[in-house]
Every structure is written in structure tokens, then in C-alpha cells.
Amino acid sequence: VFPEVIAFEINKNRSILLEKNCKKKLGNLSSRVTLYCRDSMGALGEISSKFRGTGGEQRPICVMLDPPWGGVNYRRKCCEDELKLGEDMPLSMVVMLVAQHLAPVVLGMKLPLQFQVNPFMYKLQNMPYLCMQEASEVRIATIKKMGKQLFVVLEL
């Protein structure tokens, strides 16, 4: 579907598994995938530059987030701020940064089933950056239950 995929995995062991899975599942298409073992949040500026054309136009971008759910006790967590990337970046801040650097963008997130989508959306719609940008509307494209997880797709 996409001519080019850039994947980030901060954990070295999981990065190796991701590379193996890409080769196994995608075969020849795996050459379209560039894998980085590093923090994706630090690369948002580079990604933005890569996907913007010389005239400022932007190629379509889809971002997938699969934040850690918090270990074996993840079922007790339901608040978006309890899901963090890295050591202390709340999911709402991650979404805001993605919007800042990459909008317009489609953002898919794999989340726990008990994740509270409505309070999360309310928080996003009231974040300073997203409120100031006329073109930065946050909209739910779809919400699907997939096995033991919730898949939420946003348009930013």
C-alpha cells in the first residue's frame, strides 16, 4: 500500500525481531522498509523533512503507534497519561508532536481494550498547539476491537 515505510523500535531485541518479521512476512517488499533502532520522537523533524517536497507539498503519511501498556498490570491502567513512550512522554503529548511535525497525517494506535477514548479525545482537542492551529483538527477515523486490543485511527 505504501511505497516506503520507516519503522522505529527503541528496544534492540524487538528491533531485531521486527527486522526478521518484515523479511519473513514481506519478502521482496521488505526492501521498502527502513528500520531504525532508536527513539522515534527524536526523529520527527527528519521524517518531516523527508516527506515534504521541494515546494512544501507533503506525501501521504500514516504513523503507527504501539506504546507499551505498562507490563503485566496494564489492565489496571485506563488513562491516556498512564500510557507513555520512553520514560515519561504521555501518549497525548506524542500525538501532539506527531501533529506538529507531520500533519496532515493518519495516526493508528494499538491500545488496551479498557483505554478511555472519549476523555483522551477531549484532552487532545484542548491541547494548546492543536487549539491554535486552524487546520489541525483531530478526528476519529475508526475504532476497532482487535483481539485483546483496541485499534484507534485518528486523522490529524
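Where is the place of Met64? Met64 sits in strand E3, and this predicted model gives us several spots to zoom in on, starting with the whole chain.

**Figure 1. The whole chain, with its helices and strands.** Here's the predicted model from end to end. The chain has five helices and eight strands. Starting at the N terminus, the elements go β-α-β-α-β-β-β-α-β-α-α-β-β. Of the 156 residues in the chain, 34% are buried. Take the contacts between residues at least 6 apart in sequence: 67% of them join residues at least 24 apart. As for the outside, the accessible surface comes to about 9900 Å², and carbon and sulfur atoms account for 54% of that.

**Figure 2. An open sheet of four strands.** The strand order here is E3-E6-E8-E7, and the pairing is mixed. E3 and E7 (139-146) are the edge strands, each pairing on one side only. On average, neighbouring strands of this sheet are turned by 15° against each other, if you ignore direction. Lying across E6, E7 and E8 (149-155) is helix H4, which runs at about 25° to E8.

**Figure 3. Strand E3 and its partner E6.** E3 covers residues 62-65, and its side chains alternate. Val63 and Leu65 point to one face and are buried, while Cys62 and Met64 point to the other face and are not. E3 pairs with E6 (residues 106-112) in the parallel sense, over four bridges. If you want a landmark in this pairing, look for Val63, which stands opposite Leu107 in E6.

**Figure 4. A closer look at Met64.** Back to the residue we opened with, in strand E3. Met64 has a relative accessibility of 44%, so it counts as partly exposed. Leaving aside residues up to four places away in sequence, Met64 touches Gly108, Lys110 and Phe151. Take Gly108: 44 residues separate it from Met64 in sequence, yet their C-alpha atoms are 4.7 Å apart in space.

**Figure 5. Gln149 in strand E8 and what it touches.** Now we move over to E8, where Gln149 is found. Is Gln149 buried or exposed? With 18% relative accessibility, Gln149 counts as buried. Not counting residues up to four places away in sequence, Gln149 touches Trp69, Lys110, Leu111, Leu113 and Lys144. You may remember Lys110 from the Met64 view, where it is one of the residues that Met64 touches.

**Figure 6. The two faces of helix H4.** H4 spans residues 117-125, and its buried residues are Val117, Phe120, Met121 and Leu124. Why do they line one face of the helix? Looking down the axis of H4, you'd find these buried residues within an arc of 100°, so they line one face. Turn to the face directed away from the buried side, and you'll find the exposed residues Asn118 and Tyr122.

**Figure 7. Aromatic pairs, one stacked and one edge-to-face.** How many aromatic pairs does the count come to? The count comes to two aromatic pairs. In one of them, Phe8 and Tyr36 have ring centres 5.1 Å apart and planes at 20°, so this pair is stacked. The pair links distant parts of the chain: Phe8 belongs to strand E1 (residues 5-8) and Tyr36 to strand E2 (residues 33-36), with the two residues 28 apart. Phe8 counts as partly exposed, with 21% relative accessibility. Tyr36 also counts as partly exposed, at 35%. Phe115 and Phe120 form an edge-to-face pair, with 5.2 Å from centre to centre and 70° between the planes. Both of these Phe residues are buried. Phe120 should look familiar from the last view, as one of the buried residues of H4.

**Figure 8. A cis peptide bond ahead of Pro104.** Ala103 and Pro104 are joined by a cis peptide bond, with omega at about 0°. To find the spot, go to the loop between helix H3 (91-102) and E6, where Pro104 lies.

How values were computed: Residues numbered from 1 in each chain as written. Predicted model: local features only at pLDDT ≥ 70, side-chain atom pairs only at ≥ 80, totals over all residues. Heavy atoms only, no water. Buried < 20%, exposed > 50% of the residue type's maximum accessible area, 1.4 Å probe, protein only. Arc of directions from axis to C-beta. Pairing = 2+ DSSP bridges. Phe/Tyr/Trp six-rings, centres within 6.5 Å; stacked < 30°, edge-to-face > 60°. Contact = heavy atoms within 4.5 Å. Areas by Shrake-Rupley, 256 points an atom, 1.4 Å probe, with all protein chains shown as cover. Axes fitted to C-alpha atoms, helices over the stretch in contact; angles between N-to-C directions.
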